[in-house]
Amino acid sequence: MAGKNSSRSSRSSRSTTPKYSRSARVSTTLQEIIADELVRIDDERLTFVTVTGIDVDPELNRAIVFFDSLADEDGDEEILEAFAEYRIRLQASIARQIRAKKTPILDFRPDMVIRSAARIDEILKSDRARLERESSAPPAASDSPDPSGD
């Protein structure tokens, strides 16, 4: 009996649970596979596209692939068309490279978080530049009467 308890305690001391959830690990793997496959695809619409993140549902049925590009919002329509054309190719590549019973259906969306952060950064920079200009400018003449009474 003592032998069973000692083996049980040694087993429980080793952690068999992963540090990250399965969907987080799959997201990282999918991002790497899709990025590699985008390099292989010879389509100028996808030349300057970056996969910024992937959200996979816990059942691995769907994966939302977030992207950004140098074309910003102006190029989204063309990029989404290209992704629609290559979706099956990307999913096939994923199926070949991951060990899972099923491959999630890919849904592509522009990464609005990145774009919002960039817009906020632009606003902060312009506000900082405005404050620097105001602080270095000579004081404006005031229309108030001279306090000395002259």
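E77 is exposed in this predicted model, with a relative accessible area of 61%. The residue lies in helix 3, which covers residues 76-97. Together with D42, E44, E78 and E81, E77 forms a negative patch on the surface. Membership in such a patch requires over 30% relative accessible area and no salt bridge; E77 meets the area condition because its value is 61%.

A patch of positive charge is also present on the surface, made up of R22, R25, K101 and K102. R25 is found in helix 2, spanning residues 22-40. Its relative accessibility is 37%, so R25 counts as partly exposed. The area cut-off for patch members is over 30%, and R25 satisfies this part of the criterion because its accessibility is 37%.

The two residues described above are set out in the table.

| Residue | Helix | Relative accessible area | State |
|---|---|---|---|
| E77 | helix 3 (residues 76-97) | 61% | exposed |
| R25 | helix 2 (residues 22-40) | 37% | partly exposed |

These helices belong to a chain with four helices and three strands. In sequence order, the elements follow the pattern α-α-β-β-α-β-α.

For the chain as a whole, 26% of the 150 residues count as buried. The exposed area of the chain is about 11300 Å², and carbon and sulfur atoms supply 52% of that area. Contacts between residues at least 6 apart in sequence join residues at least 24 apart in 60% of cases.

Key:
Residues numbered from 1 in each chain as written. Predicted model: local features only at pLDDT ≥ 70, side-chain atom pairs only at ≥ 80, totals over all residues. Heavy atoms only, no water. Patch = residues over 30% accessible without salt bridge, like charges linked within 9 Å, V, L, I, M, F, W, Y side chains within 5 Å. Areas by Shrake-Rupley, 256 points an atom, 1.4 Å probe, with all protein chains shown as cover. Salt bridge = Lys/Arg side-chain N within 4 Å of Asp/Glu carboxyl O. Lys, Arg positive; Asp, Glu negative; His and termini not counted. Charge placed at Lys NZ, Arg CZ, Asp CG, Glu CD. Helix = DSSP H or I, 4+ residues; strand = E, 2+ residues; numbered from the N terminus. Buried < 20%, exposed > 50% of the residue type's maximum accessible area, 1.4 Å probe, protein only. Contact = heavy atoms within 4.5 Å.
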